[in-house]
Amino acid sequence: MSRLTLADCFDPAGERFGIPTYPWRYAPDGMATRRQLRIRGLRPGGQDIAAQILRPRRRREPLTAYLYRVDLARPVRPMTPARWAALAKANAARRRCPECRRDAGYVIPPTLGTCVTCAYPEEQRAA
């Protein structure tokens with residue numbers, strides 16, 4: 001994609017990009033991103049993308065944020081006890097070291113793959 005200017009990002013009719021497009025921070029009222037909907041306690045609820053926001057950047061592709069209509073958004077589904085239990089198990093699995101099988105007390109970094117004690121055993125012996 002060629003370099004975009006702020007004026008190139010304003011296409012409310014959707015002729016250039018296929019859907020209505022607005023510059024960064026110029027979204028019309030009544031539309032919100034997923035994060036903005038979540039803050040309000042809403043979710044897109046199966047609706048299609050209504051518009052997009054583009055933020056031009058130098059030497060890279062523009063940042064894109066998709067917008068959804070707030071009036072068609074649905075409330076977020078509440079967490080059930082089963083969902084809370086599943087989330088607790090998933091977080092516990094992220095804390096367990098696959099090598100020593102102990103709870104590390106923190107989420108194990110994916111770059112290491114093991115707890116710090118197993119990743120750097122020689123440094124732990126010196127201390």
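This briefing walks through the salt bridges and the sheet of the structure above. Please keep in mind that the model is predicted. It holds two salt bridges, and four of its strands form an open sheet with mixed pairing.

**Salt bridges**

- One of the two salt bridges joins D71 to R69, with 2.8 Å between the closest N and O atoms.
- D71 is exposed, at a relative accessible area of 55%, while its partner R69 is partly exposed at 35%.
- In another salt bridge, the side chain of R95 meets that of D103, with an N to O distance of 3.2 Å.
- Here D103 is partly exposed, with a relative accessibility of 47%, and R95 is also partly exposed, at 29%.

**The sheet**

- If you trace the open sheet from one side to the other, the strands come in the order β1-β4-β5-β2.
- Strands β1 (21-23) and β2 (31-32) stand at the edges and have a single partner strand each, so one side of each lacks a neighbour in the sheet.
- As a general reminder, strands of a sheet pair through backbone hydrogen bonds, in either a parallel or an antiparallel sense.

**The β4 and β5 pair**

- Strand β4 covers residues 51-55 and strand β5 covers residues 63-69.
- These two strands, β4 and β5, run antiparallel to each other and are joined over five bridges.
- For a handy place to look, find Q52, which stands opposite Y66 in β5.

Note on methods: Residues are numbered from 1 along each chain as its sequence is written. This is a predicted model: local features need pLDDT of at least 70, side-chain atom pairs count only at pLDDT 80 or more; totals for chains, interfaces and linings use all residues. Side-chain values use heavy atoms; hydrogens and water are left out. A salt bridge is a side-chain nitrogen of Lys or Arg within 4 Å of a carboxyl oxygen of Asp or Glu. Buried means under 20% relative accessible area, exposed over 50%, partly exposed in between (1.4 Å probe, protein chains only). Two strands pair if DSSP finds at least two bridges between them.
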